[in-house]
Structures are given as structure tokens and as C-alpha cells.
Amino acid sequence: MGSQSGRVAVLCGVLFFSGTGALIFETLWLRLSGLAFGNSTWAAALILSSFMAGLALGNALAASSRIRRWRPLHFYAVLESVVAFFGCTIVFSLPVLGDFMPPVWQTLWNYQPTLLGLRFAVSFLILLVPTTAMGLTLPVIIEEPLLEETEFSRAIGFLYGSNTLGAMLGAVLGEAYLIGAFGLYGTSVIAGAMLCIAAVIALAVVRFGRARYAGFKSADPPAQSKFPLIFDASYRLPRRLLFISFGTGLIFLALEVIWFRFLRLYVASSPTAFAIMLAIMLAGIGVGGLIAGAVFRSPRRSHQVLTVLLLAAAILVPLSYLLFPGELIRATNGVFDLRWWQIAVLCVALMFPAAFVSGILFPVIAAEVQTRVGDRMNSTGVAALLNTTGAAIGPLLASFVLLPALGYQTSLICCAAGYALLSLLVSERAAWSVPRPVGIIVVSLWAILILGLVFFPYGRAGTHFAHASRPYEVDDQGRVLARVVKRIEGTSDTWQLLRRDLFGKPYYYRLLSDAFSMSATNPRNQRYMRLFAYLPLAFHPAAKDVLLLCYGCGVTADAFTRKSTVERIDVVDISKEVFALADFYSGINYRNPLRDPRVHAVVQDGRFFLQASPQKYDLISGEPPPPKMAGAVNLYTQEFFSLMRSRLKENGIATFWLPINQLKVEETKAILRAFHNAFPNALVWGGADQDWIMMGLNGPARRATEEELRQLWNDPKTGADLRTIGIEVPQQLSALFLMDGDEIDRITQNVAPLTDVYPKRLTDRPWDDEANHRFALNYLTAPAAVQRFVQSSLIKQIWPETLNPAAAEMESFLTVRQTRYLSEIVGSNKLAELDLYLRHSRLRMPVLEVLGSDGLRVSIAERIAKTSATPPLEVMPDLIAGALAQRNIDTAIQLLENEKDSGALGANDTFLLAYLYCLNGSVDKAETLIAANAGAIKKDSFADWLWEKLRTDFGFHPPAN
């Protein structure tokens, strides 16, 4: 079979293919298990633990057995075939199991510990066979007689490194190409094919290296059993070394969780970002394993080598953190804009050094264990068993203990200290002998570590937190916009709550999850968030039971509590920290909805809650994270929308967020197609922005009466809230309509729906703002929007017959919406826009918005004004806007004249005052004002437009040139 190096290279290739296929299977299993058993922090931890438990069982079999009657590569080929077969079977069967298990979950819903235990048991049993086989592959192949002439330290290093590098390729290949091209099922077949290739190569090696098997003797040839393993472990366990193996596995997997958490302060939590992070970490381990195979030769000095390596790891962990090149990434609120190479650079700087050392550590530990145990398979198995056991505990320790209790920076230091303590455990007296070279190295490393910890800049964490929050704290000119009022490092995310003050009073809050703005209470966001409640309540006023998926800042929950006839509101969020922050909000338009006795907060994955809860609801509303966040795609698929519908009562209504400004147009259409497939009676609503609301009706459409619809506006609580967000009269609802199911069918005619099996129909590629604008404008253009509303068959079934707005009235509402949208997207002549609203509409909100104000700003300004005899100049713009919104022209003129008298009247305010004089019939005052300020007025196209506008409409005589 050629030279010794050639044989090693061939078997390394075998394990490379094995690692690639195995990692792809692992990602598919964990993804689909999350859909079947839940994605909450505890559920995800239990699923990962069940996977690691299967690997550990395979390691345990290798540690306690010897191969008999079978040639190792034959047995290896069978193991890979088993993984391939059961791996594909699991991928194809998990969705079926997910459909079968909900009745079981619902039966046990009130027994949560039992439910959690059952999920672990079921996931463990499902993954048991393939993961056990995976755990056996490396120990079995190391027993191969073709490797007898190769030093164990060399063989284990090369094989372990090659297997890990194959896993690195699997992490990138699956996420970057295979899932998108072939879906989950096709990707599993390709992963199985890779494992079969590894098995075929192994069998070919047996065939062409048959001569070397002539002297091979099994452990028990006379045995009649055909099972390839005999349980025979007669060696003495090297307990100290095995504890080192356990400790390094625990620390490194804990570091993985901590690193990933830290990186998310700079990188969006997208599937591609996670794949790159995992690939860089595996690359470090793989390269380290290869280096160990190439360099390490003498097990006699392994204790000294381990001492040095562990101390090196202890130093590299905090050093890589301190040298992290975060300044290379500009702080922006567009964290999805990062390219893959930028993410890779950050990952290499932070993780690669320690991962490289970790890759060397395992082969060195295994080689030292082999000198004590003797048998190669037993040595590899027992070393891997303890390492895998530690690796199973590490993520749990980091997620549930270290990060919530200590934070990511102190957790990193604890991991470094853990490596240092392990070096003490493994070191011998000779390692501290200064006259010896190794003693000098060890003492020097300890000195560096101690000095580093003493002089460590412990306030460094604040710099990284500030990087994530800076885009929302200061503007491009460096002016302070907001400040952090609360920060929580939770079990799964880092949360920062920012508060923006206006005139010294709370204006709005913004909730950051890692580096992403997850929610905010600013007036623009409040409009669509509250509509998630008021739209379904308008068409289902008798709703009693409500389910809200994802709490955010509590705006939608607050809207639901304002409807007195609602009896129960279940609010589900995957993060308990979101609920913990509810008491930190304050302000004029906020109250904590969790204090309402009708509200029940549930910490759970929203999708699993729909599967497991026996409750059915009249209304279900969903405001999940943006679709491109890691894991969020599972909340936008056809299967999820069908699950939502299954939890609705007859005639129930579901509303769901569709942020088209964060999607490519084709992705928007894929989600619309998925939603309409689940809800045949589907509608889409939206205001003057790109935050759309999908609404689905369960069962036949029910017509609301005019009295029921008006009740929302007549009720003091809901009516005041609706007017605050700019929905001032019931007829305005018609101007929110965008499309119905027929239109969805038309625009998605050749578009495949987003499904669980094809999640990559939602890509990580940046969206096209211009294309999104053109797509949205199609549905905001007033004349066409009127026709879509009038001709919609579903609108005809649900809209009150007596409330049909006149075509002119509806077009007026829609013109306002279109104008506001264009103003925000492409800009506008603000005074022309104001003239449109003041003279052709009675709505308040457009007037406030065009003047840069809103209802909340006006309320705060009015409170400030009441506390002083003369209103401060800083509140004047909002007081003027408030007066104009009420069509109180005289008051607005008086406020502007006060500004003029104090010398604070700017050019724009001069134009506004001149316009208001004309509007109020005082053209002579306007002419006097302009004449007095003629020298300061810039002659440009705007001034020319204004003079012509005032001359044509009011008889104004512009100043002479």
C-alpha cells in the first residue's frame, strides 16, 4: 500500500470526507431537532447534550472494547454506512415526528419538567445510533494495522486534524451552498454520499493493502458472535490525564459560546456568520492537530509539553481578546452589511490562536494516555470520552452560569484561569527547574500570565458594548441621541436598553440584542406595532383569548390590554431578559402591560409553544426578530404559518410582521406565498413605510358592522391610542390596505414559498433598497390603491357596507399616505406638503410629521411650556406643529412671532410664517415680513416656487429682484 506517509495520507483523506459529511449531518440534525423539540435556550442545550451524549457513548464503547473477527477498516466502513443511512433517515423523518408529537406535548404542557425530560429522551434516542457510530470512527481507524509502523502520536495528530478540517469544510459548504441549492433533504443525501465515499475508500485500502493484513489477529477468533467488539478493558485509568482531557474539552466549548456571544457585538447573528465562526474555530483545531502529528514525537516529555501548551492557551485567550481588531469594523446600524472576509478576520484574531493550541492538546493528551493504556483504540476512546463529556458540559456552564453571572469578559478570564490550573495539575517538579530550558519557559509563561491578569484593563468590556450601541447613542455629528439605562448579559443574548430624552423627559426607548436594534418605542414604530392589535380587533371585536409571539418593548401587548373585552393575553418570548426589562421603561405613553392581570408571560420558543400548548386563540399576533437573524427563518415558513392557523379558533385572525425593507423583493414574495398557502383568506396592510402586516383569517370571512368598527374609536382607551398613532377615524383603515390573496397569487405566480426544507430561499445577501422602494410604491400609489380596495373580493366580505368611504375621501387618505412615504424615502418640498395637509385634509398626524414632530413630542413640549411663563425656545417647533395640527393658525402665528421678536426666527420659519399669514388672510403682513428679511433670503428654486405659490393662491406680491 505504498510508503508509510502515503498510507497515512490516504486514511487522512478518508477522515476528511468523514468530517465533512458528519458536520453537515450535525447541523441538519440540530436545525430539524429545534423545529421538532423547540429552540428555547434549555431545549437547544438539551438537544446539543443528546448529540454529545451519543458521541460519548461511542467513545465509551471504544474505550472499553477491542475489535474481534473484523478488520478495523471493514468495521469503519460499516460505521460510516450506518451514519449515512440513519443520518438521512433522521433528516427525512424529523419533520414527520414533529407533526406527530404535538398531542404528546399538549398532554404534558402543565408538567414542564417532565416535558423537558421527554424532549431530551426522544432527541437522544433519535440521534443515538448515528452519533454513537460517529464516536467510534476515529478510535476504530486508529487501530488499523496499516498504521502500526506509524507512531501513535503522529497518526492521531494527522487523523484528528484531517477529520476536523473536513468538518470545517462541512460548516462552510453546507451553509454557503448545499442547503440553498438542494434544500435540507438534498443536503442530507450529499452528506450521506460523502460518508459513503469515505467507506468506499476505506474498503479500497483494505483490498490493496491485503498483504499487510496477513498477520492481523482478532481479539477473540473463536467467538461465535458476529458483533465486531468484545468488551475487554483491563487497563488502569490514567486519571490525571483524563481529567486534563475533560477540562480542556469543557473549557474550549465554554469558550466557543463566550466567543460567539462577544463576536455578536460586532457581527449580525446570521446563519452565514455562525458558519464562518464555526469554520474558523474548526480550522484552528484542525491545523493544530496536523502540527501535532508533524512535530510531536516523544511521549516521554508529554507532561512538559502539556504544561507549556496549557499555559500558552491561558495567555492566548485574554491576549487575543485584548488585541481584537474591533476598530476595523465601522460602527453602523447596518450590521448585515459586513462581508464574509470581515467576519473571518475578526474570528481569526479572536479564536484561531487558542483553537490552534487546543488542536495540539488533544493528540498530545491521547498519545500520553496511550503510553499508559497500550491499546490504540482504547486510548483514543477513553481520551475522547472525557474530552467529549467535558465538551457537553462546557456550553451549559457558559450559557447558564458564567455569562449570566459574570459577563463575557470575566468568563474569558475564568477560562484562561482554568487552563492555568490544568497546567498546575499536569506539571511535574522538573517543569519548574529554572536551570532547565523547560523550567525557564514555564516560569516565564507563568510570569507573563500573572502580570497580564494584574494589569488587565478590566474596563475593556465597556468599549465593546459601546461599539454595539454607538450608532444609536450619537449621530454622525457626534451629538448625543440616547444613553444606555440597562444592560443584561443573559443566557443567549446581550441586551442593552437605550433611552432617548427630549427636553429632559423620556422620549422613547430602543432595545438592542447584541449589535442589532430589536425593537423601539419611537412613534413611527409604535404605529405598526399597535396596528398588530387594532387591525384584528377591528374585524374580530368579540375576541377573548389573545396570543402574542415575541414581546419586544411591549407596545403591541400594551395595545391589546387597552381592549377591555379581551379576557386573556398570553405573551411568549424566548428570552426571559426581555420580560425582566419591562419595568425599566417609563414615559407619557407607556405602562407595563405585564402588570395587567390578564397578561401571562411565557418564556418559550414561539414555534414550540404553538406545538405544545393546548390553548386555542381568537387572535394571534407575531412580531419575531427580523427574518435574516439566525434561527428567525423558522418563524416565516409555510409550516409555521400553518401551525399558527391550527391554533386559531374558528373565525380567528392572525397578524404577522413583514419587514420588506430588510428583504430582497423575491424573498418578500416567498414569504407572502408561504403565508397565503397557509391562509387562503389573506390580506396585507401597511402605512407610509415598508413595515407591512400580513393578516390571515381562519375559516370563512365575517363582515364587521360599522358599530363594531367605530367602537374602537369610541372607547376612551383604544380611541385615544389609535389617534395617537395617527389612525384618527375608522375610514382611515381602508387607506392601510395593500393587497389581498388574489394579488399575492398574481405577484408570486412563479415564486416558491419559504419552507422548512428550503430555508435558504431567504438568503444572507444584502437587500436592494431601490428595488424595495419600487415594489412598495406599486401598492402606495393612490389611484391604483383605491381600485385594489374597491375590487377586492375579500374586502367586500369583511368591510362594513355602511362604512364604505367615498372614492374622493379614500383617495384623499391614500394620497396622504403616498406623499408621506415619498417624503421619507426620496424627500419633498416640506412647505408644499404642509399646504396639502392643511388645506385638503383634517388629519393631525401628517402635519406633525412633515414638521418633524409627533404626538409624543408635542405632549412633552406642552408639559414643559406649562411650567414657565414663556415657553423655552427649544420647545417652540413642537408647539407650533401641535397648533397647526389642530388647525389653530392664530396660535401658530403667535408662537412664530414670539420667535421673531426674540431674534430666533430662521429662514425656514420665516417662509412658514409668511405662508401662514397668507393662509390666515393677512397677505400684507406676509409681504412686510419678506420685505424686512429680503437681504437674508437666499434666492433659489424654493424661494421662486414659494413666491409663485403665494402669488397664485393668495395674491401675494413677491419682493422685487
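# A guided tour, starting at strand S6

Four of the five residues of S6 are buried, so this strand is largely enclosed by the rest of the structure. That is our starting point, and please keep in mind that you are looking at a predicted model.

**Stop 1: the sheet around S6.** Select residues 516-520 to bring up S6, then add residues 505-513, which form strand S5. These two strands run antiparallel to each other and are paired over four bridges. Two of the pairs can be picked out by name: Leu512 stands opposite Ser517 of S6, and Ser513 has Phe516 as its bridge partner in S6. What lies between the two strands? Their hairpin has two residues there, and in this hairpin Asp514 takes a positive phi near 60 degrees.

Now widen the view to the whole sheet. It is an open sheet of four strands in the order S3-S4-S5-S6, with antiparallel pairing. Which strands stand at the edges? They are S3 (483-489) and S6 (516-520); each has a single partner strand, so one side of each is left without a neighbour in the sheet. If you look across the strands, neighbours in this sheet are turned by 25 degrees against each other on average, ignoring direction. As you show side chains, remember that in a regular strand they alternate between the two faces of the sheet.

**Stop 2: a buried arginine.** Select Arg598, in the loop between helix H16 (576-580) and strand S9 (599-603). Is Arg598 buried or exposed? Its relative accessible area is 16%, and because the cut-off for buried is under 20%, Arg598 counts as buried. Leaving aside neighbours within four places in sequence, its contacts include Thr561, Lys563, Glu567 and Arg568.

**Stop 3: two helices crossing.** Next, show helix H6 (residues 152-208) together with helix H10 (residues 340-373). Two packed helices are described by the angle between their axes and the distance between the axes. Here the angle is about 145 degrees and the axes are 9 Å apart. H6 passes H10 in a right-handed crossing. To see the contact, select Phe152, Ser153, Ile156, Gly157 and Tyr160 on H6, then Gly359, Phe362, Pro363, Ala366, Ala367 and Gln370 on H10. By class, this contact has seven nonpolar, four polar and no charged residues.

**Stop 4: helix H30.** Move on to residues 876-885, which make up H30. How many of its 10 residues are buried? Nine are, which leaves H30 mostly covered. Among the buried ones are Met876, Asp878, Leu879 and Ile880. The cover over the buried residues includes H27, helix H28 (845-850), helix H29 (855-866), H31 and H32. After H30 comes Arg887, with a positive phi near 60 degrees.

**Stop 5: helix H32.** Finish by selecting residues 907-919, the 13 residues of H32. Try the distance tool on its end C-alpha atoms: they are 18 Å apart, which agrees with the 18 Å expected at 1.5 Å a residue. Buried residues in H32 include Thr910, Phe911, Tyr915 and Cys918. The buried part of H32 packs against helices H27 (830-840), H30 (876-885), H31 (889-901), H33 (923-932) and H34 (941-954). Your last selection is Gly921, which follows H32 and has a positive phi near 85 degrees.

Methods. Residues are numbered from 1 along each chain as its sequence is written. This is a predicted model: local features need pLDDT of at least 70, side-chain atom pairs count only at pLDDT 80 or more; totals for chains, interfaces and linings use all residues. Side-chain values use heavy atoms; hydrogens and water are left out. The expected span of a helix is 1.5 Å times one less than its number of residues. Buried means under 20% relative accessible area, exposed over 50%, partly exposed in between (1.4 Å probe, protein chains only). Contact means heavy atoms within 4.5 Å. Axes are lines fitted to C-alpha atoms, for helices over the stretch in contact, and angles run from 0 to 180 degrees between N-to-C directions. A crossing is left-handed if the near helix is turned anticlockwise from the far one by less than a right angle, and right-handed if clockwise. Ala, Val, Leu, Ile, Met, Phe, Trp, Tyr, Cys and Pro count as nonpolar, Asp, Glu, Lys and Arg as charged, and the others, Gly among them, as polar. Two strands pair if DSSP finds at least two bridges between them.
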